[in-house]
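This report covers selected local features of one protein model. Please have the sequence and coordinates open while reading.

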Amino acid sequence: MTQLTTATQQAAQAHALDLLSFIDASPSPWHATAELARRLQAAGFVELPETDVWRVQPGGRYFVVRGGSSLVAFVAGRAALADTGFRLVGAHTDSPGLRLKPRSAHLADGFLRLGVEVYGGPILATFTDRDLGLAGRVHVRDSSAPHGVRTRLLHVGAPVVRLPNLAIHMNREVNEQGLKLHRQNELHLLFAIADGQGAEAFGQWLAGPLGCTPSDLLHLELLACDTQPGTLWGPHQQFLADSQLDNLASTHAGLQALLAVEQPDHTAVAAFFDHEEVGSESAAGAAGSFLQDTLTRLAEALGAGASDLARARARSLFISADMAHAWHPNFPAAYEPQHRLLVNGGVAIKYNASQRYATEGEGSARFIRACEQAGVPWQSYVHRSELGCGSTIGPLVAARLGITTVDIGAPMWAMHSLRESAGVLDSYWMYLALGQMLQVG
Ligand SMILES: [Zn+2]
């Protein structure tokens, strides 16, 4: 492995601690987007509402939010768009988990429980016996707000719900068979003893901190979140653990990389999408029109026409950053032996002949060159041939925008667990590699 200077190690650790605080401030995709907007605004980026006319200056810094959970930020290039194109990085703001159903609170044998739907593909067993809070959005009646509805973020960071395991004495085979949970019957979150109250007790409890009445709660979009803060671990603190590393680690790296971009000739873009874990087909998702609309309006605002935009896209490169599966020494048979990703071994470039990853030859070679220039080690990843390969936003953006795309990711363990882990150096290297791509391309 590369000999690292103390300065690199210190910078990597500072980056990792900032990543953990970013995740802990982002228990839902809506919170993640608010935290992205907060950091962008603090760095001088100006929000462009989709409802407004946009005024964009070459060299200016802007961001656009859609649906409260997706965000595209950019530094407008100083040179003509058609001659320079875009350098884009992308990631997703959502993570798999348990989402409260609209009428979630209900009584069951003297208990108040909250019914949930499974969002994406979480490892359900990891939600059991954990100190769970609630986070998301609440839409409240408010006659002074547009359409009479005010949308508010809510984060209950204290443990308020729980999914206790069944004791091993009633589930003797659990260690041999694994924990199996029936999605309709066995995932209800325990909230309270009913004590004579009905399901409305949940609304009353929620309304308190919101300072409204229960009848003002028009709609809830809440999920179960972990209340345990992120941490570094290992004797030399070379690893980190937190919920939502997939994919807030890449989101954070993309954000920090864009913040560090200095006045390029080309336009540097960082796009963060919701709904990746459920296939991205939504108004705010990567398969929707958000990125295309934003690039079109940005080009228009810079005075570039349709053919200028097509020329710009033909000169562009999109780096899709999502986490990658690190080699786990306890399960060697799960991996393609020639493509093992080592934690703290560098950024992974993901390849799939069936285009589940969009990486193609030229883009991949350009990315390797950028890694070399930035002093970032890199590794190649291929899934085992007999296993179905996951996918990400890369192929969707590549297909919709016709832009050369590379799928990359930092290696991690336990993808889609409520508590995932990864390498401190890899998250820093991801930031450096994305920064190099955005600045130089
Ligand atoms: Zn992901």
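In which strand is S104 found?

## Basis and S104

S104 is found in strand β5, residues 97-108. The model is predicted: local features need pLDDT of at least 70 and side-chain atom pairs count only at pLDDT 80 or more, while totals for chains, interfaces and linings use all residues. Residues are numbered from 1 along each chain as its sequence is written, and side-chain values use heavy atoms, with hydrogens and water left out. Strands (E, at least two residues) and helices (H or I, at least four) are DSSP runs, numbered from the N terminus.

S104 has a relative accessibility of 3% and counts as buried; buried means under 20% relative accessible area, exposed over 50%, and partly exposed in between, with a 1.4 Å probe and protein chains only. Leaving aside neighbours within four places in sequence, S104 is in contact with R113, L114, G115 and F202, where contact means heavy atoms within 4.5 Å.

## Zinc site

The zinc ion is coordinated by H92 through NE2, by D246 through OD, and twice by D322 through OD, at 2.0 to 2.6 Å. Donors are N, O and S atoms within 2.8 Å of the metal (3.2 Å for Na, K and Ca); water is not among the atoms, so sites may look incomplete. The donor residues follow the spacing H-x153-D-x75-D in sequence. H92 in strand β4 (residues 86-92) and D322 in the loop between β14 (317-321) and β15 (324-325) are 230 residues apart, so this pair links distant parts of the chain.

H92 is buried, at 0% relative accessible area, and D322 is buried as well, at 5%.

The angles among the four donor atoms run from 53 to 140°, and the site is irregular. Four donors count as tetrahedral if all angles lie between 85 and 135 degrees; four count as square planar and six as octahedral if opposite donors are over 155 degrees apart and all others between 65 and 115; anything else is irregular.

## Helices α1 and α2

Helix α1 (residues 6-24) packs against helix α2 (residues 29-42) at about 125°, with axes 9 Å apart. Axes are lines fitted to C-alpha atoms, for helices over the stretch in contact, and angles run from 0 to 180 degrees between N-to-C directions. The contact is made by D18, S21 and F22 of α1 with A32, E35, L36 and R39 of α2.

## S421

S421 is found in strand β20, residues 420-423, and is buried at 12% relative accessibility. Its C-alpha lies 9.5 Å from that of T231, 190 residues apart in sequence.
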